[in-house]
Amino acid sequence: MEQPFQNWTRTSADLIGTVFLYLDYTVPVEELRDELRRIVEASAHWDGDVVGLQMTDASERTVTLRATASAKDASTLWSLRCEIRARLVAYIREHHPDALPALRTRLDGPGEGERPARGGDA
């Protein structure tokens, strides 16, 4: 190579990690966003740069929340992601257990004036 070049696409070794949560539509997203910030700001693993929570998908049963945070290197980021996941799940379990995924079944009873069906009777 006759002319040297410099790669400017990477200016820092800091890394951004993600944690995905699959929750019920009843989850209070703004409250979880505030709790994520409290968790990350109290963590020794966070580098003080990136923290965020976005709703990235919605299916017929759940919404997908994506928590992001940054750390100085890969091993610290792994610890931070584990901490975020454990503490957010514990927070949801304690404060909003109905926001955990659940399978809902609707059982319709007989309408007004109708008799319940009986097995074997005609």
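Helices in this tour are DSSP runs of type H or I with at least four residues, and they are numbered from the N terminus. The model on display is predicted.

**The whole chain**

Begin with the entire chain in a cartoon representation. Its secondary structure amounts to two helices and three strands, and from the N terminus the elements follow the order β-α-β-β-α. Switch to a surface view next: the accessible surface is about 9,000 Å², and carbon and sulfur atoms hold 50% of that area. Of the 122 residues in the chain, 29% are buried. Among contacts with a separation of 6 or more, 68% are between residues 24 or more positions apart.

**The sheet**

Select residues 15–23, which are strand β1, together with residues 51–58, strand β2, and residues 63–71, strand β3. In what order do the three strands lie in the sheet? The open sheet has the order β1-β3-β2, with antiparallel pairing. Because β1 and β2 stand at the edges and have a single partner strand each, one side of each lacks a neighbour in the sheet. On average, neighbouring strands are turned by 25 degrees against each other, direction ignored.

Now restrict the view to β3 and its partners. Nine bridges connect β1 and β3 in the antiparallel sense. Two residue pairs serve as landmarks here: Ile16 has Ser70 of β3 as its bridge partner, and Gly17 stands opposite Ala69 in β3. On the other pairing, β2 and β3 run antiparallel and are joined by seven bridges. Ala58 and Val63 of β3 are bridge partners, and a hairpin of four residues leads from β2 to β3. Colour β3 by accessibility to see that the strand is mostly covered, with eight of its nine residues buried.

**The helices on the sheet**

Add residues 29–42, helix α1, and residues 74–95, helix α2. Helix α1 packs on the sheet, where it touches β1, β2 and β3, and its direction makes about 145 degrees with that of β2. Helix α2 also packs on the sheet; it touches β1 and β3, and its direction makes about 25 degrees with that of β1.

**The nonpolar core**

In soluble globular proteins, nonpolar side chains tend to be buried together. To inspect the largest nonpolar core of this model, show the side chains of Val27, Leu32, Leu36, Leu65, Ile84 and Leu88, which touch the most other members among its 24 residues. Two or more residues of this core come from each of β1, α1, β2, β3 and α2. Which element supplies the largest share? Helix α2 does, with six residues.

Centre next on Leu32. Which residues is Leu32 in contact with, apart from its neighbours within four places in sequence? They are Leu23, Val27, Leu53, Leu65, Leu88, Tyr91 and Ile92.

**Glu83**

For the last stop, select Glu83 in helix α2. Is Glu83 buried or exposed? Buried means under 20% relative accessible area, and Glu83 therefore counts as buried at 19% relative accessibility. Display Ile39, Ser43 and His45 as well: these are the residues in contact with Glu83 once its neighbours within four places in sequence are left aside.

Notes:
Residues are numbered from 1 along each chain as its sequence is written. This is a predicted model: local features need pLDDT of at least 70, side-chain atom pairs count only at pLDDT 80 or more; totals for chains, interfaces and linings use all residues. Side-chain values use heavy atoms; hydrogens and water are left out. Buried means under 20% relative accessible area, exposed over 50%, partly exposed in between (1.4 Å probe, protein chains only). Two strands pair if DSSP finds at least two bridges between them. Contact means heavy atoms within 4.5 Å. Accessible areas come from the Shrake-Rupley method with a 1.4 Å probe; for residues, only the protein chains shown count as cover. A nonpolar core is a set of buried Ala, Val, Leu, Ile, Met, Phe, Trp, Tyr and Cys residues joined through side-chain atoms within 4.5 Å. Axes are lines fitted to C-alpha atoms, for helices over the stretch in contact, and angles run from 0 to 180 degrees between N-to-C directions.
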